[in-house]
Amino acid sequence: MTDARWQAVARATGLLGADGVPRATVFAEMSALAARTGAVNLGQGFPDVDGPESVARAAADAILGGANQYPPGPGIAELREAIAAHQLEHYALRWDPDTEVLVTAGATEALAAAVLALVRPGDEVLTLEPFYDSYAAVIAMAGATHTTAPLQAGDDGFRLDLDALAAAFTDRTRLLLVNTPHNPTGTVLTRAELEAIARLAQAHDAIVLTDEVYEHLLLRDDAGVRPTHVPIATLPGMAERTLTVSSAGKTFSFTGWKIGWVTGPERLVTAVRTVKQFLTYVSGAPFQPAIAFALRDPEVAAWVDELADSLSRRRDLLCTGLLDAGFTVVRPQGTYFVLADAAPLGYADGTALCRDLPGLAGVVGVPVSAFTHSRSRVDEALRSWVRFTFVKRDDVLEEAVRRLRRLHT
């Protein structure tokens with residue numbers, strides 16, 4: 001990577017200081033702050049309890065059974081077949097496991113390989129804003145321009161500004177990267193929102209890359225109803241222009257295994273595979289048969305359902321605690337995360353609050369500015385907001401809520 005390209009990536013991710021010296025990510029900064037101060041770390045979103053024992057046992061059996069060398073480049077056949085069966089069972093999407101399914105080193109690699117495969121310097125990649133931080137990095141690596149359409153906070157959660165989305169499309173928009181359920185806002189895009197996205201993608205002949213890693217982590221509302229996850233590939237005319245990315249990490253609470261996948265039409269999956277083979281080449285040999293087992297086992301499916309219910313309850317525990325502490329909260333519909341506005345606490349800058357919060361309340365969060373373009377419309381609107389995770393044990397969240405009450409005294 002050239003020095004100019006590296007600097008573009010660093011600028012896109014906020015890792016290049018005004019003095020030109022690289023700096024740590026805000027995620028690393030906040031995790032280090034939590035470790036140094038003994039604060040409850042609600043910044044980094046990974047479970048503190050492992051997934052089903054039966055799945056872990058399948059991985060251990062695979063190791064002892066000799067699945068420790070390079071697996072096939074596209075992934076083992078058993079896992080590709082299980083992924084194809086999952087997409088057919090849940091969404092009536094029919095993909096050929098030999099040519100239209102690719103196993104990757106987590107969803108992050110799938111997204112990176114797709115952008116690098118499909119985008120040329122000078123192209124535009126359109127995402128929602130706020131956006132998961134790796135999107136900006138890989139778009140910069142590809143030499144493309146990152147454009148955005150805002151999600152806006154309201155009484156019904158964060159919703160897509162459809163007029164702004166239409167205005168963001170240009171004749172250079174090559175790729176639209178959509179994330180639902182959405183990190184960091186926790187929103188689940190509605191069918192109407194996705195239909196609007198689909199119409200614009202078709203009108204501008206854009207490819208859609210959709211990040212669906214939280215597809216099964218849908219949270220119940222007060223009536224006990226979960227929102228519906230609608231893969232955009234299921235909409236008319238979209239299967240042939242959509243690459244769908246998901247992974248095992250979030251669904252089964254094995255984030256360190258890094259088993260992801262991408263599905264879609266052969267011509268697009270082939271392009272991704274061509275790039276992917278020069279990134280990690282292959283990964284996770286003993287974990288692949290374990291995830292194939294997890295995708296097919298009904299008891300594991302029941303465990304995932306219970307996980308989503310548990311997350312619904314833990315979300316409500318944290319949201320109530322944040323409200324009691326004086327934050328304004330938008331209740332998420334999915335994922336691991338909730339966004340809270342610190343403005344009522346007298347903080348106009350979420351980063352400043354995050355740096356002060358360990359001393360004020362013994363808790364760590366991440367500023368939403370880590371997920372926005374500096375000085376953008378969304379960055380200004382969400383400057384005082386902070387992201388907290390609720391994918392922690394009950395006792396950890398209860399302790400965090402107890403500490404947060406200090407802000408209101």
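Biologist: Let's start with the second largest pocket: how many residues line it, and which of them lie nearest its centre?

Modeller: The second largest pocket has a lining of 27 residues. Nearest its centre lie Gly 45, Thr 108, Tyr 132, Tyr 214 and Lys 250. Keep in mind that this is a predicted model.

Biologist: What shows where empty space is left?

Modeller: The general idea is to roll a probe the size of a water molecule over the atoms, which shows where empty space is left. Here, the space in the second largest pocket comes to about 550 Å³. Two elements give two or more residues to its lining: α5 (106-118) and α9 (248-252). Helix α5 supplies the largest share, four residues.

Biologist: And how do the residues of that lining divide into nonpolar, polar and charged?

Modeller: Twelve are nonpolar, ten are polar and five are charged.

Biologist: Okay, helices next. What span would you expect for α12, and what does it reach?

Modeller: At 1.5 Å a residue, the expected figure for α12 is 40 Å. From first C-alpha to last, its 28 residues (298-325) reach 41 Å, close to that value. Try the check on α4 too: residues 77-91 make 15 residues, and the helix reaches 21 Å, close to the 21 Å expected.

Biologist: What should I look for at the two ends of α12?

Modeller: At the start, look at Asp 297: one of its side-chain oxygens comes to within 3.1 Å of the backbone nitrogen of Glu 299. Just after the helix, Gly 326 has a positive phi of about 110°. Helix α4 is followed by a positive phi as well, near 60°, at Ala 92.

Biologist: Which residues of α4 are buried, and what covers them?

Modeller: The buried ones are Leu 79, Arg 80, Ala 82, Ile 83, Ala 84, His 86, Gln 87 and Tyr 91. Their cover includes the strands β2 (101-104), β8 (242-247) and β9 (260-263), along with helix α11.

Biologist: How do I decide whether a single residue, say Leu 318, is buried or exposed?

Modeller: Read its relative accessible area: under 20% is buried and over 50% is exposed. Leu 318, which sits in helix α12, is buried because its value is 0%. Setting aside neighbours within four places in sequence, Leu 318 is in contact with Leu 42, Val 338, Phe 388, Thr 389, Phe 390, Val 401 and Leu 404.

Biologist: And where does Leu 279 fall on that scale?

Modeller: Leu 279 is at 43%, so it counts as partly exposed. You'll find Leu 279 in the loop between α10 (266-276) and α11 (287-296). Not counting residues up to four places away in sequence, Leu 279 touches Glu 109 and Ala 113.

Biologist: Now backbone angles. What sign of phi do most residues other than glycine have?

Modeller: Most of them have a negative phi, and most peptide bonds are trans. So the exceptions are worth a look. Asp 205 is not a glycine, yet its phi is positive, about 50°. Arg 375 is another residue other than glycine with a positive phi, near 70°.

Biologist: Where do those two residues sit?

Modeller: Asp 205 is in the loop between α8 and β7 (207-211), and Arg 375 is in the loop between β13 (366-367) and α14 (377-381). Asp 205 counts as exposed because its relative accessibility is 56%. Arg 375 is exposed too, at 69%.

Biologist: Which residue's side chain makes a polar contact with that of Asp 205?

Modeller: That's Arg 241, and the polar contact is 3.3 Å. Arg 241 lies in the loop between β7 and β8, and at 15% relative accessibility it counts as buried. Leaving aside residues within four places in sequence, the contacts of Arg 241 include Ala 201, Gln 202, Ile 207, Arg 267 and Leu 268.

Biologist: Last one: which peptide bonds here should I look at for cis geometry?

Modeller: Look at two bonds leading into prolines. The bond from Glu 129 to Pro 130 is cis, with omega near 5°. Pro 130 is in the loop between β3 (124-129) and α6 (133-141). The bond from Thr 180 to Pro 181 is also cis, with omega near -10°, and Pro 181 is in the loop between β6 (173-179) and α8 (191-203).

Note on methods: Residues numbered from 1 in each chain as written. Predicted model: local features only at pLDDT ≥ 70, side-chain atom pairs only at ≥ 80, totals over all residues. Heavy atoms only, no water. Expected span 1.5 Å × (residues − 1). Polar contact = N/O pair within 3.5 Å; in protein donor to acceptor, adjacent residues only side chain to side chain. Buried < 20%, exposed > 50% of the residue type's maximum accessible area, 1.4 Å probe, protein only. Contact = heavy atoms within 4.5 Å. 1 Å grid on protein atoms, 1.4 Å probe; cavity = no way out; pocket = protein on both sides within 12 Å on 5 of 7 lines; lining within 4 Å. Points joined across faces, edges and corners; volume = space filled by probe spheres on them. Nonpolar A, V, L, I, M, F, W, Y, C, P; charged D, E, K, R; others polar.
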